[in-house]
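Here are some exercises to work through with a structure viewer open beside you. Try each task before reading its solution.

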Amino acid sequence: MKGIAWAITGSGVFINESLEAIRALRSRNVPVTVFVSRAGEEVLKMYGMIRMLEEVVRGEYPNEVVYERDEGHSFPRTGRLYKGVYSFVVVSPATINTVAKIVHGIADSLVSNLVSHAIKTGTPVLVVPSDLNETTSRIPLLIDRDACESCSSCVASTVCPTGALSSDHEFKVRVDLLKCTLCELCARACPYGAIKLNVEIRVKPHPYYVGIINRLTEIPGVAVLENPGRVLDVLRERGVFA
């Protein structure tokens, strides 16, 4: 059975749904290689999903997670497309940055390079943009600075085991989301309830960016889908799994 090359870029929109779709593919024994951009890796870390992703994908070749930081400038593992390893390339979530590169034929990142090779080899590409429709996303950790009382010694920062929070006389408290593991200790410790976790936000598309996204459909073999669930529908319709 040929595998699926699934690319993740740096967007919180659809990140959880994308992992669930990957999990669904692996539960059906469909091989999956996940190509993660540098920004995608940061977002996965901020949402505490790195270990989950690696556990879901772990298995025999070609089941693995390929990080952009490990690939150098030539992205050698994208060359598997010329050996027929993958039946589809999926980009979900796809940031407008990655979409714009694909539209303009730029292939200077792991994911845009992967798509470039897919187009050259005639491998179908499914793209789930994060900026196509109004949707919801989550902010992993948010400081309500109106509720924060600027404690002389921020209790929340003292209990943080990773140093993600630090007191600051101007900012009240600073947050380094790349260090945060969402352990919730800070939220429990704050006496004013100023620390919020997994805050839902609405993300609205801008017509200018929607116009760029629509240009993807001008590329032969590239399809734009509304959400990761639709990816599973298409793969099922194409006989990738029953």
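The exercises below concern a predicted model, and each comes with a worked solution.

**Exercise 1. Work out the strand order of the open sheet of six strands, and find which strands stand at the edges.**

Solution. Start with the order, which reads β3-β2-β1-β4-β5-β10, with parallel pairing. Next, look at the two ends: β3 and β10 (222-224) each have a single partner strand, so one side of each is left without a neighbour in the sheet. From one strand to the next, the twist averages 20°. Now zoom in on β1 and β4, a parallel pair joined by five bridges. Within the sheet, Ala-5 has Val-89 of β4 opposite. Finally, add a helix: α1 lies across β1, β2 and β4, and runs at about 165° to β1.

**Exercise 2. Check whether the length of helix α5 (residues 110-121) agrees or disagrees with the expected span, then decide how enclosed the helix is.**

Solution. Begin with the expected value. The span is 1.5 Å times one less than the number of residues, so the 12 residues of α5 should cover 16 Å. The end C-alpha atoms are 17 Å apart, which agrees.

Then turn to burial, where the cut-off is under 20% relative accessible area. Nine of the 12 residues of α5 fall in the buried class, so the helix is largely enclosed by the rest of the structure. Among them are Leu-110, Val-111, Leu-114 and His-117. What surrounds these buried residues? They pack against β1 (3-8), β2 (32-36), β3, β4, α4 and β5 (125-129). Just after the helix, Gly-122 adopts a positive phi of about 75°.

**Exercise 3. Classify Tyr-82 and Thr-95 as buried, partly exposed or exposed, and list what each one touches.**

Solution. Take Tyr-82, which sits in the loop between β3 (64-67) and β4 (86-94). Buried means under 20% and exposed over 50%; Tyr-82, at 48% relative accessibility, therefore counts as partly exposed. Leaving out residues up to four places away in sequence, Tyr-82 touches His-117, Lys-120 and Thr-121. With His-117 there is also a side-chain polar contact of 2.8 Å. For a C-alpha distance to try yourself, pick Tyr-82 and Thr-123: they are 41 residues apart along the chain and separated by 9.5 Å.

Now take Thr-95, in the loop between β4 and α4 (96-103). Its relative accessible area is 14%, so Thr-95 is buried. Beyond four places in sequence, Thr-95 touches Thr-9, Gly-10, Ser-11 and Ser-130.

**Exercise 4. Find which residues have the most contacts inside the largest nonpolar core, and which helix gives the most to this core.**

Solution. The largest nonpolar core has 37 residues, and Trp-6 and Leu-53 have the most contacts inside it. Helix α1 (residues 15-27) gives the most to this core, with six residues. Another core lies apart from it, with 29 residues, including Ala-7, Ile-212, Ile-213 and Ile-219. To see the surroundings of Trp-6, leave aside its neighbours within four places in sequence; its contacts then include Ala-21, Ile-22, Leu-25, Val-34, Phe-35, Val-90 and Val-231.

**Exercise 5. Describe how strands β7 (residues 165-168) and β8 (residues 172-175) are joined.**

Solution. First get the direction: β7 and β8 run antiparallel, with four bridges joining them. Then look at the connection, a hairpin with three residues between the strands. As a register check, Ser-167 stands opposite Val-173 in β8.

Notes
Residues numbered from 1 in each chain as written. Predicted model: local features only at pLDDT ≥ 70, side-chain atom pairs only at ≥ 80, totals over all residues. Heavy atoms only, no water. Buried < 20%, exposed > 50% of the residue type's maximum accessible area, 1.4 Å probe, protein only. Contact = heavy atoms within 4.5 Å. Polar contact = N/O pair within 3.5 Å; in protein donor to acceptor, adjacent residues only side chain to side chain. Core = buried A, V, L, I, M, F, W, Y, C linked by side-chain atoms within 4.5 Å. Pairing = 2+ DSSP bridges. Axes fitted to C-alpha atoms, helices over the stretch in contact; angles between N-to-C directions.
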